[in-house]
Amino acid sequence: MTHTANEKAALPPGDLAIWFFIYAELLVFGILFLLYAFARSNNVELFNSSQDLVDRTSGAANTLVLITSSYFVVRAVAAIREGKVQLCSRWLLATIGMGGVFVVIKLVEFHAKFSAGISLSTNTFFTYYLSMTAFHFMHVLLGMVILAAVYLKNRKGGYSAAEHRGVETGASYWHMVDLVWIILFPLVYVMR
Amino acid sequence: MSDTSSEVRRWIRPCTVIWLVLMALTLVTLGIGKLGLSGTGVVAFIMTTTFIKGQMVADYFMGLKQVRWSFRIITLLYMVIVCGLILVAYMVGLNG
Amino acid sequence: MSEAFTKSMARNIFIGGSLFFFLVFLALTFDSMGALPERDHRENITPAVVNGKMLWEENDCIGCHTLMGEGAYFAPELANVYDRFGKSKDAIKAFIASRPAEGIEGRRSMPQFNFSDKELDDIAEFLKWTSEINDAGWPPNIQG
Amino acid sequence: MQYQSQSVSKLYFIAAIGLFVGQILFGLIIGLQYVMGDFLFPEIPFNVARMVHTNLLIVWLLFGFMGAAYYMVPEESERELFSPKLAVALFWIFLVAGALTILGYLLVPYATLAKMTGNDLLPTMGREFLEQPTITKLGIVVVALGFLYNIGMTILTGRKTVVNIVMLTGLVGLAVFFLFSFYNPANLVLDKYYWWWTVHLWVEGVWELILGSILAFVLIKTTGVDREVIEKWLYIIIAMTLITGIIGTGHHYYWIGTPEYWQILGSVFSALEPIPFFMMTLFAFNMVNKRRKDHPNKAAVLWAMGTGVMAFLGAGLWGFIHTLAPVNYFTHGTQITAAHGHMAFYGAYVMIVLTMISYAMPHLRHGKPANSEKAQVIEMWSFWLMTVAIVFITLLLTGAGILQVWLQRAAEDPMPFMVAQEKIAFFYWAREAVGVIFLVGLVVYIASFFAGGEPKEEASS
């Protein structure tokens, strides 16, 4: 990271390969969002009444959690760019911790839905609601695994101010998970 | 070294502000949800804030502001298309 | 500037990505398995249906016909043949039994399989059961 | 050819081409039966001829894959094959088992074959593409295990390259997913659900790994581009393949009794399945543009680039046009599917095997990198004849399919199946005519092996 403020980097931070993956994932989620939106326009009543059954507060709480975790991982990247390995580790751990909070809140939410007898096949709204949130949920888990791998490597002194591409790669993926949720939350939980 | 530090700080400071802005916008969205508001204006407002939130994450958190346009434009277009079409779909639903 | 993307990262994405999506696929399969009994009415799979499916397979019916759209495209769809034949097992049996052994000149014709009455009955039972599977409203109309 | 044991692949390639001829002849028979319904009836009914057509395709592609593995694995591992004797023995076992199975299809009624081979003990027969008697399926497993052992030992004790590892992964996947062909529950929905684990996860999953690694190998050899660059591309392409293709299986779960959310997931993921094929096209053209030498085997390079383009058109584009659930509702189980099937199999798998044969055969026959100019010109003629023929077959079947959908499914007063078939007979006649051109192309292809002339040396780069 030697570019100055007025000289733009040619490539996004992290390994370019992860960006292929990020774009593919964004595409998948993007299509899912649009399918949801257009399926809703054909069936507004059903979607509105079903939406009343989802827990907006926990959805919002999870948005706050993910945004915060995203900010934490920004701090982790900043720390390693300055060569502060210890600090980077701590921020990474905080990020993973926030991911854990997201997982717990989400599990409680899923549990409540399943206990209420709601499943993927209940109606069109819940097909979308459950498949999109569950699919995103698995991405949170995958992101946590990636960040954990980065954390372990960092703890062994694998990254430095000069070489920290792995941290940026993991961070970029995590931001994607956050970005997707930022659209998912208003779309599924709020807008009517 | 100090050059790197100052550069990093130039990146962190806006990120901190953005973090707080994102939190605030999320709470506003929740408020709208709690009140159960609907209608063209509300949907347009939510999608606009969502677009802004997404762009903040892409440009600042992901750091794409420091990257050439060829890459930055991908997420920009993505946000425009996805948010725009969602908006269209909702308009169709409201009128239909 | 080092290379844009590294081989090890590409490999990790291959392994991680494939594993991840395979796990998602397994989870979906698990859910599907739970949802299927409601849709396939497996409680109606009698020994006659089982034998009917066996006969369906041992005469390679799928080599000409489609069944729920899968198979060869040489002869009519049969997942809804029970409905098409006016919900009559006898009509199905009579059709299969009446095929000329030497075929029809210039036209496609089903072979004469010389089934016993019991076998014809089992095949008809199998097709009846198949017609009752909830297949999301496919085919679009009775012609299949 | 750098290693003596690579020569076993020649056997496999010859068998592959021989069976290819058989496949095309039976293709012409069933094509004719579409318009002359009583042709060869009742001696060889349509279902039998079709079974021979599809099974020969699968078997000869497997021969091609094995031959390709036996050729490239020693060269990549930088050692002789673990056991050339085993490779030869397995070749004869597989060939004889395959021939017996085909003869069984042709000589006795299928039901008799089922009785003779004890299908009632473990019923696996009579499902599309998996029509082989259970005992043949067991034979395939044995051959596959022996083959994997041989290839695996060679790879694990030699130099491990990405090309080799991807090939091995693909081959292991091929063997593993074949095991689902033994699961045949009485419940038709379950049967179909897991049938696709063999069929879909083969052709839209692990086979693409094999395809990718063969393509990468040939491109490394013919363009001289740095191996590192090609291997990175290979990883990214196959990553995209599996990321989209695994859940893409869902596009087969729309109308077979499975839950309706598959219509969403299947549509989303399979809509992305063209991406890896598009990347493959870019990859092939990029590497050829960046070439550091002009390889004297122009025919092999042509096949390699053709694979990229035709795989994208056939598997990618023609797959996409009917993969979205609302479209598929109308096109499912019509000639549209047949159109896609023909171009996808030709563009992806036939062409990659022919690419490998084209690259390897001059080494195997003359110890030189390329055939004579004359032989290459003839081979490139056959490339264009067969490729253009398959394009037209695909277009004609697509036309037939669109009309079929219209007449039988979308019209206000839908026609019965057989009535609609008669209305579209023109397309079937035209398809049959183009099929003959394909056969001519295949004959020209075989003639290229007998063209003679002085094989070409490596050009100084």
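Is Glu231(D) buried or exposed? In this predicted model, Glu231(D) is buried, at a relative accessible area of 2%, and its side chain nevertheless takes part in a salt bridge with Arg227(D), in which the closest N and O atoms are 3.3 Å apart. The two residues stand four positions apart in helix H8 (residues 227–248) of chain D, so about one helical turn separates them. Both also belong to a network of salt bridges that links Lys7(C), Glu76(D), Arg227(D), Glu228(D) and Glu231(D).

**Salt bridges**

Over all chains the count comes to 32 salt bridges, and three within chain D are set out below.

| Pair | Closest N to O |
|---|---|
| Glu75(D) and Lys221(D) | 2.9 Å |
| Glu231(D) and Arg227(D) | 3.3 Å |
| Lys298(D) and Glu373(D) | 3.8 Å |

The bridge between Glu75(D) and Lys221(D) links distant parts of the chain, since Glu75(D) lies in helix H2 (residues 46–77) of chain D and Lys221(D) in helix H7 of chain D, 146 residues apart. Glu75(D) is buried, with a relative accessible area of 5%, and Lys221(D) is likewise buried, at 17%.

For the salt bridge of Lys298(D) with Glu373(D), the partners lie in helix H11 (residues 298–320) and helix H14 (residues 373–410) of chain D, so that the pair ties together parts 75 residues apart in sequence. Here Lys298(D) is partly exposed, with a relative accessible area of 40%, and Glu373(D) also counts as partly exposed, at 39%.

**Aromatic and charge-over-ring arrangements**

The structure holds 84 aromatic pairs over all chains. One of them joins Trp207(D) and Phe345(D) in an edge-to-face arrangement, with 6.4 Å from centre to centre and 90 degrees between the planes. This pair connects helix H7 (residues 188–223) with helix H13 (residues 335–366) of chain D, its members being 138 residues apart. Trp207(D) is buried, with a relative accessible area of 1%, whereas Phe345(D) is partly exposed, at 24%.

Ring pairs also build a cluster with members from chains C and D, including Phe22(C), Phe25(C), Phe177(D), Tyr193(D), Trp197(D) and Trp262(D). In addition, Arg99(C) lies over the face of Phe95(C), at 3.9 Å from the ring centre, while Arg431(D) lies over the face of Tyr34(D), at 5.1 Å from the ring centre.

**Chain contacts**

Four pairs of chains are in contact, and among these chains C and D share the most contacts. Chain B does not touch chain C, their nearest C-alpha atoms being 13 Å apart, and no contact joins chain B and chain D, whose closest C-alpha atoms lie 15 Å apart.

How values were computed:
Residues numbered from 1 in each chain as written. Chains lettered and ligands numbered in written order. Predicted model: local features only at pLDDT ≥ 70, side-chain atom pairs only at ≥ 80, totals over all residues. Heavy atoms only, no water. Phe/Tyr/Trp six-rings, centres within 6.5 Å; stacked < 30°, edge-to-face > 60°. Buried < 20%, exposed > 50% of the residue type's maximum accessible area, 1.4 Å probe, protein only. Lys NZ or Arg CZ within 6 Å of the ring centre and 35° of its normal. Contact = heavy atoms within 4.5 Å. Salt bridge = Lys/Arg side-chain N within 4 Å of Asp/Glu carboxyl O.
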